[in-house]
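Subject: Structure handover

Hello,

The structure is below, with notes on what was found in it. Please look it over when you have time.

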Amino acid sequence: MLFNDLFRARWRTELVRGEDEPEYIPAADSEAYHRVVFAHGYFASALHEISHWCIAGEKRRQLYDYGYWYCPDGRTGDQQAAFESVEVKPQALEWLFSEAAGRRFHISVDNLSGDGACDEERFRRNVALQAQTYLAEKMPERARMFLDTLLDFYDRRSRFGAHLFQA
């Protein structure tokens, strides 16, 4: 509801519950809505997919799944390193959004049947540092708008701050 109220009209984008894998589906025409699809009704999945949408630029938002490369679970060490390098920013936003909504954040290396994380502690530190950087400096406009909406809706402003984002 919060996402759709905030972004449906201005960016022609809706958050919708999906059954299987999360995905981003650009609008088929000028009358349709772009769709951010989250998996199985999971709150964390919705926040993660919103995070990707908040980062994606105009051109990427015209492409299925933003045109990103994705290698499924079972990645090699090199593939996992590439995955982790592009996941720092969206997971930092997801962590910010989770805290703003009063929800627990779980870092995701998303490689259960592969070699695991390259260095999970380093990845967690990088995500925490990026979350702190977003708070101290400028974050993407749509991310700031959504964060502010969550903080107001869940009445979390007085408890929210950089102290929450430690590795």
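The notes cover confidence, one pocket and one helix pair.

This is a predicted model, in which local features need pLDDT (the predictor's confidence in each residue, from 0 to 100) of at least 70, side-chain atom pairs count only at 80 or more, and totals for chains, interfaces and linings use all residues. Residues are numbered from 1 along each chain as its sequence is written, and side-chain values use heavy atoms, without hydrogens and water.

Mean pLDDT for the chain is 90, with 90% of residues at 70 or more. Among the elements, helix α5 (residues 141–153) has the highest mean, 98, and helix α3 (residues 77–100) the lowest, 88; helices are DSSP runs of H or I, at least four residues, numbered from the N terminus.

The second largest pocket holds about 210 Å³ of space. Its lining has 14 residues, and Met1, Leu2, Leu15, Phe43 and Ala46 are the closest to the centre. A pocket is an open set of points on a 1 Å grid where a 1.4 Å probe fits, with protein on both sides within 12 Å along at least five of seven lines; lining residues have an atom within 4 Å of a point. The volume is the space filled by probe spheres set on the points, which are joined across faces, edges and corners. α2 (43–55) gives the most to this lining, 4 residues.

Regards

Methods. Helix = DSSP H or I, 4+ residues; strand = E, 2+ residues; numbered from the N terminus.
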